[in-house]
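Visitor: I should like to take a close look at a single part of this chain, the last helix together with its surroundings. Please describe how that part is packed and how it relates to the rest of the fold.

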Amino acid sequence: MIGILLNDNSYEQDVRELLMAFFPREVFVHEVQEGLTLSAVGELDGARRHFRLYLIESRMEGGAWVECAGQKMAGRIWNPEQGVPVADPDPVTEMEIEAAKRSDVLDVDYDDDRHDTKNRIKRRLYVLLMLYTGRQMPWGALTGIRPTKIAMTKFDDGWDEARISRLMREDYYASREKTSLAIEIAKRERELLLRLDYRNGYSLYIGIPFCPTTCLYCSFTSYPIAKWQSRTGEYLQALFQELDYVAAKKRGCTLDTVYFGGGTPTSLSPEDLDILIRRLETTFDLSAVKEFTVEAGRPDSITAEKLAVLKKHGVTRISINPQTMKEETLRLIGRRHTVEDVIDRFHLAREMGFDNINMDLIIGLPEEGMDDVRATMKAVKALAPDSLTVHSLAIKRAARLNTMREVYKDLTITNTQEMIDLTARCAREMGLLPYYLYRQKNMAGNFENVGYAAPGKACIYNVLIMEERQTIIGCGAGTTTKRVHPAENRIERAETVKDVGQYIARIDEMIARKERIL
């Protein structure tokens with residue numbers, strides 16, 4: 001358990017997120033509690049305009065804070081049992097380390113640019129955490145989910161690669177490898193976005209919040225299809241109302257991409273899928289659509305009949321997501337299919353003519369090690385998907401891995417740079433190049449999620465949602481609409497409720513929420 005005590009909350013979120021990067025499975029609180037093991041404390045001195053940063057290891061004794069392993073920055077600021085914490089501090093400068101050791105006061109100008117102030121505070125806190133734990137983070141002090149946006153924005157401003165690299169290394173302490181990856185992906189994203197008028201067009205996301213079962217790590221809006229089988233018609237009718245509204249509102253605008261996500265869209269019956277896509281075809285002008293993706297993520301939801309419906313209606317891209325090719329892990333995480341099911345459904349989709357198939361994998365699943373990742377990559381390589389999305393496990397607040405942490409506390413979760421390097425190397429050996437990237441809070445190893453694709457097979461929608469360059473309208477329970485105002489560099493959001501019953505009952509309200517921003 002980690003406590004955060006701040007007498008100025010201006011940068012609370014930034015402090016919290018950086019702490020979460022170093023301590024991803026900890027509970028964070030704002031008050032003294034029994035069992036609290038570490039506290040990061042920031043104090044703002046109003047007169048001197050200074051931000052004070054402390055690391056103190058603490059325990060409860062009579063309701064008071066008691067220091068255990070060091071003094072407030074004047075003494076030891078790392079665990080003495082670990083000795084010298086970092087042999088090679090690159091990209092962190094020796095000057096920053098020495099400054100952190102000498103003083104508990106960071107001189108910042110609170111009347112200056114907030115972005116610069118925030119980064120200075122994060123850099124100092126990052127150094128303290130690095131010294132305390134003896135670890136560096138692959139992305140340095142970067143805590144946002146879209147690191148490629150930094151490179152994209154600077155390319156737009158006319159910066160060259162060398163200058164962008166210096167920025168990411170010196171201002172954020174990102175490693176050479178992650179800096180190079182972000183720049184490579186940003187260049188590829190820019191090329192992809194040149195193919196469409198993303199400023200005047202829009203994309204459509206349709207959420208199908210049903211799954212065969214809910215996976216151990218999942219926090220998405222998802223309900224067991226068995227419980228809703230008799231009521232999917234009600235859900236579709238509410239969804240049609242929302243789609244009708246959007247089609248009328250966006251008449252005359254170019255629809256660039258369509259994405260069915262969830263949940264697992266192929267949890268629906270073939271008949272429901274057919275009804276839904278027919279309604280889409282009669283409601284929207286799909287003549288300019290460059291990409292139509294349907295996540296058939298769970299192999300246990302895929303049948304020849306459903307694939308035939310998707311093929312008939314011109315779906316151009318599907319996902320068949322094993323997450324791992326280890327039987328024991330599939331059972332542990334609650335996926336009621338086998339490795340053989342994955343292989344069988346993949347071959348079935350190929351036989352039926354699908355030539356753009358994505359596969360999702362998760363690195364850091366409970367009880368998996370390097371040998372398991374190696375075996376999974378070998379099995380995936382034999383299938384030769386057209387794209388591959390490699391996720392680092394993120395333990396979300398709503399996932400059972402978090403809500404039932406006592407039950408699963410003995411599970412070993414491991415993610416290493418060696419595992420990430422292996423997946424990247426295998427993807428490139430398959431002819432797949434990285435084209436989009438994002439990060440999440442509480443990720444195992446503090447790494448990233450990377451999408452790899454063969455030439456011409458990259459998912460445009462994935463790039464659009466990560467770079468936030470185009471308005472994306474979400475329809476269905478648990479979806480978010482983002483209206484982009486490029487000239488103002490501003491985004492407006494409207495969300496629908498996650499609960500399916502509430503979505504059906506309050507569909508008029510959900511439409512009204514969209515009306516306020518569209």
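Guide: The following account begins with the model as a whole, turns to the helix, and then moves outward through its surroundings.

The model is predicted. Its average pLDDT is 84, and 80% of the residues reach at least 70. Over residues 36-41 the pLDDT is below 50, and this stretch has 32 contacts in the model beyond near neighbours in sequence. Residues 56-89 likewise stay under 50, with 68 contacts beyond four places in sequence. The chain has 518 residues, of which 56% count as buried, and its secondary structure comprises 19 helices and 20 strands. Of the contacts between residues at least 6 apart in sequence, 73% join residues at least 24 apart.

Helix 19 covers residues 507-517, and its buried residues are Ile507, Met510, Ile511, Lys514 and Ile517. Viewed down the helix axis, these buried residues fall within an arc of 120°, so they line one face of helix 19. An α-helix has 3.6 residues a turn, so residues three or four places apart point the same way. On the other side of helix 19, Asp508 and Arg516 are exposed.

What does the buried face of helix 19 pack against? Its partners are helix 8 (232-249) and helix 18 (500-505), together with strand 18 (471-475), strand 19 (480-485) and strand 20 (490-495).

Two loops beside these strands contain a backbone feature that deserves attention. Most residues other than glycine have a negative phi, and most peptide bonds are trans. Glu468, in the loop between helix 17 (460-467) and strand 18, has a positive phi of about 55° although it is not a glycine. Asn489, in the loop between strand 19 and strand 20, also departs from that pattern, with a positive phi of about 50°. The surroundings of the two residues can be told apart by accessibility: Glu468 counts as buried because its relative accessibility is 12%, under the 20% limit, whereas Asn489 counts as exposed because its value is 75%, over the 50% limit.

Helix 8, one of the partners of helix 19, leads to the interior of the fold. The largest nonpolar core has 110 residues, and those with the most contacts inside it are Leu204, Tyr235, Leu239 and Tyr503. Helix 8 gives the most to this core, with nine residues. Leaving aside neighbours within four places in sequence, Leu204 is in contact with ten residues that can be listed in full: Leu243, Val246, Leu255, Thr257, Val258, Tyr259, Leu280, Phe284, Ile473 and Cys475. A second, separate core of 19 residues includes Phe22, Ala100, Tyr126 and Ala141.

Strand 11 (255-262) is followed by a loop that runs to helix 9 (270-283) and holds Gly263. The peptide bond from Gly262 to Gly263 is cis, with omega near 10°.

Aromatic pairs add a further view of both cores. A pair of aromatic rings is described by the distance of the centres and the angle of the planes. The structure holds 11 such pairs. In one of them, Tyr126 and Tyr173 are tilted, with 5.8 Å from centre to centre and 40° between the planes. Tyr126 belongs to helix 3 (residues 114-133) and Tyr173 to the loop between helix 5 (161-170) and helix 6 (176-193), so that the pair links parts of the chain 47 residues apart. Tyr126 counts as buried at 0% relative accessibility, and Tyr173 does so at 2%.

Phe210 and Tyr235 form an edge-to-face pair, with 5.5 Å from centre to centre and 75° between the planes. Phe210 lies in strand 9 (residues 210-211) and Tyr235 in helix 8, so the pair ties together parts that are 25 residues apart in sequence. Both Phe210 and Tyr235 are buried. Ring pairs further link Phe210, Trp228, Tyr235 and Tyr503 into a cluster.

As for cysteines, the count of disulfides is zero. Cys426 is buried at 9% relative accessibility, and Cys459 is buried at 0%.

To return to the helix of the request: its buried residues line one face, and that face packs against helix 8, helix 18 and strands 18, 19 and 20.

Methods:
Residues numbered from 1 in each chain as written. Predicted model: local features only at pLDDT ≥ 70, side-chain atom pairs only at ≥ 80, totals over all residues. Heavy atoms only, no water. pLDDT = per-residue confidence, 0-100. Contact = heavy atoms within 4.5 Å. Buried < 20%, exposed > 50% of the residue type's maximum accessible area, 1.4 Å probe, protein only. Helix = DSSP H or I, 4+ residues; strand = E, 2+ residues; numbered from the N terminus. Arc of directions from axis to C-beta. Disulfide = S-S within 2.5 Å. Core = buried A, V, L, I, M, F, W, Y, C linked by side-chain atoms within 4.5 Å. Phe/Tyr/Trp six-rings, centres within 6.5 Å; stacked < 30°, edge-to-face > 60°.
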